[in-house]
2 protein chains.
Amino acid sequence: MHPLRTHIERITPLTDQEFSYILGHFEEKKLRKHQYLVQAGTYDRFDNWVLGGCLKAFYTDQEGKDHILQFAAEDWWIADYQAYFNQTPATINIDCMEDCQLLQLSVHKREKICSEMHKMEHFFRKKVTSGYIALQQRILSLLTHNPRGRYEEFLRLYPNLSSRIPKKYIAAYLGVSRETLSRLYNEN
Amino acid sequence: MHPLRTHIERITPLTDQEFSYILGHFEEKKLRKHQYLVQAGTYDRFDNWVLGGCLKAFYTDQEGKDHILQFAAEDWWIADYQAYFNQTPATINIDCMEDCQLLQLSVHKREKICSEMHKMEHFFRKKVTSGYIALQQRILSLLTHNPRGRYEEFLRLYPNLSSRIPKKYIAAYLGVSRETLSRLYNEN
């Protein structure tokens with residue numbers, strides 16, 4: 001079964017015909033390691049479902065320091081959602097930490113399939129609801145945990161990512177210094 | 001027009017009959033200032049739309065310090081969404097900073113009207129998408145801004161809340177000390 005179909009069917013069953021119709025709204029995109037998918041200041045026309053590879057979404061502050069908003073590996077979605085849904089210039093960058101293969105969905109086509117197919121409206125409501133809950137947990141983690149607590153939570157939530165992502169990026173995701181993260185790694 | 005109807009019709013038009021059917025799924029709830037809507041460890045059976053008043057959702061850490069996840073005033077929704085959607089015990093508390101009047105929707109009835117009415121599935125998809133974008137912005141603010149930047153962003157996003165909410169709660173929302181926030185207030 002196509003991995004996107006497996007992904008959607010975790011929430012709602014589809015017929016062959018329905019999946020084929022849905023897939024027709026996506027475009028394939030391949031990027032090499034270090035290439036940018038989205039650059040701050042440009043338009044982010046697509047939501048991206050990751051078929052293979054690993055990406056990071058990050059904000060570069062006025063001092064040139066990067067802060068990581070999100071990682072995405074297989075089976076995840078990634079975009080500058082503010083820019084995507086409001087059709088405003090992106091404020092974050094998204095680049096590839098590995099060679100990547102993506103399936104891209106424009107906001108126009110997303111709204112079209114949601115409007116045509118109640119079950120796709122349902123699918124995206126469920127996906128974004130899960131995302132909302134995960135972001136609330138991350139905010140609580142940022143507000144309440146010290147660096148050790150944040151790191152342990154990251155390991156618990158994303159056991160497969162921690163070996164795949166350079167430590168400096170995990171530090172920038174957790175909002176801790178690289179030195180602090182190295183110390184925590186060595187203690188584990 | 002009923003304020004809930006105005007709220008929903010910002011996203012999707014409704015007939016009189018449809019709104020009346022939708023409203024039939026909500027229950028009214030009144031709480032006094034300082035009363036709890038949700039207590040950590042208990043079940044949070046309802047999502048709550050605020051008809052009047054002002055509430056806060058907060059996490060109490062092991063040292064007894066409160067961290068504020070969310071405020072809600074008129075026209076906002078508030079719940080422990082992790083507990084609500086997964087039907088697990090609440091991890092946060094929600095209490096009233098003023099006398100409150102709420103319209104409550106159980107998860108069962110929410111799923112029922114979403115399944116029966118494509119336009120309500122659409123409404124909730126749009127609402128949760130806006131919420132997701134707002135949470136991403138808050139994470140970026142927590143990662144990148146110093147206390148002054150966080151406070152200025154709060155004033156920009158919620159100009160009406162800052163006069164209504166005690167400063168100690170705004171400090172607990174921003175993740176800054178009360179002393180730091182007082183200094184920022186005096187500088188403005």
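**Notebook: salt bridges, interface and symmetry of chains A and B**

I began inside chain A, where Glu9(A) forms a salt bridge with Arg5(A), and the closest N and O atoms of the pair are 2.8 Å apart. I then checked where the two partners sit: both belong to helix H1 (residues 3-9) of chain A, and because they are four residues apart there, about one helical turn separates them. I keep in mind throughout that this is a predicted model. Searching the whole structure, I found 30 salt bridges over all chains.

Next I looked up the annotation. The UniProt record, an unreviewed entry, lists "domain: Cyclic nucleotide-binding" for residues 29-115 of chain A. For that span I noted 17% helix and 45% strand, with its end C-alpha atoms lying 25 Å apart.

I turned to the interface, which is described here by area since the size of an interface is often given as the accessible area lost when the parts come together. Between chain A and chain B about 3700 Å² is buried, and carbon and sulfur atoms give 69% of that area. On the side of chain A, the residues that lose the most area to chain B are Arg125(A), Tyr132(A) and Leu143(A), which together make up 19% of what that side buries. Counting residues instead of area, I found that the contact takes 38 from chain A and 37 from chain B.

For the polar part of the interface, I counted six salt bridges between chain A and chain B. In one of these, Lys126(A) pairs with Glu111(B), and the closest N and O atoms are 3.1 Å apart. Across the same interface I also found 16 residue pairs in polar contact, with both residues at pLDDT 80 or more.

I then asked which elements of chain A supply the side that touches chain B, and found that strand S5 (66-72) and helices H3 (81-86), H4 (107-116), H5 (118-144) and H7 (167-174) each give at least two residues. The largest share of that side, 20 residues, comes from H5(A). By residue type, the side of chain A that touches chain B divides into 20 nonpolar, twelve polar and six charged residues.

Last, I superposed the copies: a rotation of 180 degrees, with 0.0 Å of shift along its axis, brings chain A onto chain B at an RMSD of 0.0 Å, which is the relation of a two-fold axis. In chain A the C-alpha nearest the axis belongs to Arg125(A), at 2.2 Å from it, and I had already listed Arg125(A) among the residues losing the most area to chain B. The same surface serves both copies, with 97% of the contact residues of chain A recurring in chain B.

Definitions and conventions. Residues are numbered from 1 along each chain as its sequence is written. Chains are lettered from A and ligands numbered from 1 in the order in which they are written. This is a predicted model: local features need pLDDT of at least 70, side-chain atom pairs count only at pLDDT 80 or more; totals for chains, interfaces and linings use all residues. Side-chain values use heavy atoms; hydrogens and water are left out. UniProt positions are given in the numbering used here, feature names are shortened, and annotations may be inferred rather than shown by experiment. Contact means heavy atoms within 4.5 Å. Buried area is the accessible area (1.4 Å probe) that two parts lose on being put together, summed over both. A salt bridge is a side-chain nitrogen of Lys or Arg within 4 Å of a carboxyl oxygen of Asp or Glu. A polar contact is a pair of N or O atoms within 3.5 Å; within protein, one must be able to donate a hydrogen and the other to accept it, and residues adjacent in sequence count only if both atoms are side-chain atoms. Ala, Val, Leu, Ile, Met, Phe, Trp, Tyr, Cys and Pro count as nonpolar, Asp, Glu, Lys and Arg as charged, and the others, Gly among them, as polar. Copies are superposed by least squares on the C-alpha atoms of residues with pLDDT of at least 70 in both.
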